[in-house]
Amino acid sequence: MTAIRISGGRVHDPANNVDGEIRDLCLQDGKVVSEVGPDARRIDARGMVVMAGGVDIHAHIAGPKVNAARKLSPDERRDHPVNRSEGLRSGTGGLVPSTFTTGYRYSLLGYTTVVEAAAPPLAARHVLSELRDTPMIDKAFLILMGNNQVLFKLIRQSGGAVSSQLRDAIAWWLEATGGYGVKLVNPGGIELWKQENGNVTSLDDEVTGFEVTPRQILDAIAGAVDELGLPHPVHIHANNLGVPGNADTTLETMRTVSGRQAHFAHLQFHSYGGKPEGLPRSRASDLIEYLAAHPEITADVGQVMFGPAVTMTADGPVSAVLRDLGADKWINHDTEVETGCGIVPYRYRSGNYVHALQWGIGLELFLLGQNPWQVMLSTDHPNGGSFLSYPKLIRLLMDRAFREDQMARANQRAIQRTALTDGLDREYTLNEIAIITRAGPARRLGLREKGHLGIGADADVTIYHDRADREEMFATPRYVIKAGEVVVEEGELRRSPDGLLLSSRAGFDPEVSRVLEPLFGERYTVAFEHYPVREAALREPAQVVEAQRS
Amino acid sequence: MPEFGPITCAGCGLLCDDVLVDAADDAVRLTPDCDLGAQWFSERLLRPAGAPSATIDGKPVDVGSALTRAAELLRGARRPLLHGFEHATVEDARAAVALADRLGAVIATDDGEWAGAPAVPLRGASTATLGEIRDRARVVVIWREDPESTHPRLLERLGIGGGVERTLVVVDDSDTATAGRAEVRLGWPPGRDLEALTTLHALQRGLTVRAGELELPLSGLLKRLRAVPHVAFVYGAGLTAGAGGQRRALALHELVRALCHERHAVTLELPGAPGTRSADDVLAWQSGYGGNVDFASGHPELVTATQPLDDVDVTLLVEPGSAGAAEIALGSLAAGPGVEVWIRTAAAGVDGGGTAHRLDGVPLALQAPLPGEAPSAAAVLTRLLAEVER
């Protein structure tokens, strides 16, 4: 494998307390090393900015819901053809790109690791097949467990406490699917949606037929994940997404999991004041205040960007609300035992009060927080907008004048109800951008060899021209290096490596199968013995991150 | 031949994975009993000994010679078409789309009449896996399909007749086996399906409708649907094939969407062949489009049902359900008389493995209980791509 010396670049590596130092970076055999020989390829990075490859902690790029969205919107991709070329596959772009194009475009943006944030475990083979066709990046997926009837039964049996059976069942499920972490989406609410269009509105509503509450589900599964020592803590999409006043639910959810590590997804969608039937207002400051006092909690923002989006979520009742707001297209899909799914193409309009408020709340979360390690960049792609809008979002954070210009174009009634007009003049530094786009997500994912450039780190590196226009700078890296190979140069793909599947593994008592098998037999239409993914072709090449039980 | 199982049966889109196969004698028997599945296994387990691994113009050749000839045909083609996929796996489809991309070919994942999918991009759909319908639907409406013949264990797998209070409604004016099991039968000519669906939709919205003799049965059906919290519609080519099929499919999805406001309502589509769902899903994730896609311009373009493919000059059949005319065919069954190049492939689920997507989208492993020498279609297609690129 080629050895590379990146010479004279300005390095931003916050995980190693390197903030803009001019230094050389050496890569060999896919890793950052202290020195390389004289024959190493030299990349002249003088005047350029060097960071670790980007790490997206929360996006939707693969699996049945993503593919259903592709089928739903052929018109949306007709204008985004991608031609085949030497060594590269053709495809389509747009908000929900085809798989090869997804890998190419993330790589062209300087990202080298992406997490698919919501996969039905039953669909693991489908998710893995798509990820196999998503080149250039390392990828992981989180399995949906917040509405799993089998886990409901175990939680009820333990009276809501963490039990060894629950721990073992979660570890079994990760092993069975190749998943990386555990995702809870609207705990309990989706089960009620599938029963008869119901939902939960508080953490203490009972899930009909199962005698558990969202609070018990959160408490037990967050506790089990914590005790298992999985590399990534429980990843929570809280109840009442999008509902005015939901900040109370979010705060109560945070209190419920207190003392345990937890990551809150797309916090912007959960930061609303007001009354459910009324207009929302911002409660971003309350959420940020809570985070400041609770370092065990992190979040990604789920920034909305004005323009088209595709909402896709396991939270079926949320999609039904969007449907009833006049959506032309709507998909609902119910997955037995485990979860639901809703898809609605959507457009965020700058003149719309609610959309402008959502946009403003996202920026508030970024700008009010004092600890960038806690608040990470995401648009909940493609829910708040495409991952291709990350460069513009970075410019909004780094360039106050640009931000104020954009604010002036948005619904002023909404903007005035945020802290953005209240002297919030912060501008992110390059080091802070490096934290929210790679160092922070990698650390939160427990990927010790990613998100930084210390000796032994993965040789995933992005080199940018240091342009005053930060959007332009982050949209077109000068070089992207994946696992020690230059894969992008000046906006051109040079090669297309497969990338690794990242899985996690926690030990469990195999006797848990005796508990699970009869429960599977009662509920699933797939045999217990055929549920686990054993096909090597779907699970390799992989890197397994071991849990570290305390 | 031994008994084996439980394994996954790829005889229809249900992909039942609890099947025990008894092939001890000349006949194949399955447990649970399924004539269609037994026939499928039988055709693949009881193949004549000494069958060639490949042929050119019906004469046995080695696989390498067949690949060389197939590559020549494809390289010389102005407008190649890859189709079939009735028994394709996800892996077969991945390799096929890669080849189509390289060739600039057209790829068609459904050789039959369009089965409703084109309606989905217009407004979407509400769908569910088998277990959801089994556990929740209290009224199941089967619209002009006969799963007792095409998907013999569907009713069992949806829990119909399983003791739970559930009403099976069949809309069909033919005396099918499925209609014979209905608690409620409604029948009118197929040409009135659109009228029936739009009338139901209008009635659901509270509009006054004059529908002649349909009015009474439709009002009765709507009353049943409104009396329960969860309903399911099963449909397929019986509703959506032929002229106006897209409008009929759209009308069904609009009706279901309207019903969803007050109760949970879902649909389940029966595909024409077991491999259709897998191939369509793969094509969608690799190209961005389901259905039929043309790569001639260097990128994928959706081919609509109305666009003729009369300029196709070389066809490549991938895992067809029966012998058909084509220049090239890759399949586990013997080639038809019109095939110039045929390469025998392993039957996924018998002598080859792979992954397949059930009709409701659930992905399952296909085991290879009797692994043999024949390569998978995926392996042949990959070699063919290399040969084309040589």
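**View 1. Helix α13 of chain B lies across three strands in this predicted model.** Start with α13(B), which covers residues 377-389. The strands under discussion are β16, β17 and β18 (341-344) of chain B, and α13(B) lies across them. Against β16(B), the helix runs at about 150 degrees.

**View 2. Those strands belong to an open sheet in chain B.** Count along the sheet and you'll get 9 strands, in the order β5-β4-β18-β17-β16-β6-β7-β14-β15, with mixed pairing. Which strands sit at the edges? They're β5 (59-60) and β15 (301-303) of chain B, and each of these pairs on one side only. In general, strands of a sheet pair through backbone hydrogen bonds, either parallel or antiparallel.

**View 3. Zoom in on β16 and β17 of chain B, a parallel pair.** Strand β16(B) spans residues 314-318 and β17(B) spans residues 328-331, with 3 bridges joining them. Look for Leu316(B): standing opposite, in β17(B), is Ile328(B). Helix α3 (residues 90-103) of chain B also packs on the sheet, where it touches β6 (80-84), β7 (106-108) and β16 of chain B. The direction of α3(B) makes about 165 degrees with that of β6(B).

**View 4. Step back and chain B splits into two domains.** Domain 1 is pieced together from 54-112, 274-351 and 371-389, while domain 2 is the stretch 117-270. How many Å separate the centres of domain 1 and domain 2 of chain B? Taken over C-alpha atoms, the answer is 35 Å.

**View 5. Over in chain A, helices α5 and α18 cross.** Here α5(A) is residues 149-157 and α18(A) is residues 512-523; their axes come within 10 Å and cross at roughly 130 degrees. Because of that angle, α5(A) counts as oblique to α18(A). The crossing is right-handed. On the α5(A) side, Gln149(A), Val150(A), Lys153(A) and Leu154(A) make the contact, and α18(A) brings in Val515(A), Leu516(A), Leu519(A), Glu522(A) and Arg523(A). Sort the residues of this contact by type and you find 5 nonpolar, 1 polar and 3 charged.

**View 6. Helices α12 and α13 of chain A meet too.** The axes of α12(A) (residues 353-368) and α13(A) (residues 390-398) come within 11 Å, crossing at roughly 60 degrees. The two helices are therefore oblique to each other, and their crossing is right-handed. Which residues of α12(A) meet α13(A)? Trp359(A), Leu363(A), Phe366(A) and Leu367(A) do, and they face Leu393(A), Leu396(A) and Leu397(A) in α13(A). This contact has 7 nonpolar residues, no polar and no charged.

Definitions and conventions
Residues are numbered from 1 along each chain as its sequence is written. Chains are lettered from A and ligands numbered from 1 in the order in which they are written. This is a predicted model: local features need pLDDT of at least 70, side-chain atom pairs count only at pLDDT 80 or more; totals for chains, interfaces and linings use all residues. Side-chain values use heavy atoms; hydrogens and water are left out. Two strands pair if DSSP finds at least two bridges between them. Helices (H or I, at least four residues) and strands (E, at least two) are DSSP runs, numbered from the N terminus. Contact means heavy atoms within 4.5 Å. Axes are lines fitted to C-alpha atoms, for helices over the stretch in contact, and angles run from 0 to 180 degrees between N-to-C directions. Angles under 35 degrees count as roughly parallel, over 145 as roughly antiparallel, 65 to 115 as roughly perpendicular and the rest as oblique. A crossing is left-handed if the near helix is turned anticlockwise from the far one by less than a right angle, and right-handed if clockwise. Ala, Val, Leu, Ile, Met, Phe, Trp, Tyr, Cys and Pro count as nonpolar, Asp, Glu, Lys and Arg as charged, and the others, Gly among them, as polar. Domain bounds come from an automatic or database domain assignment.
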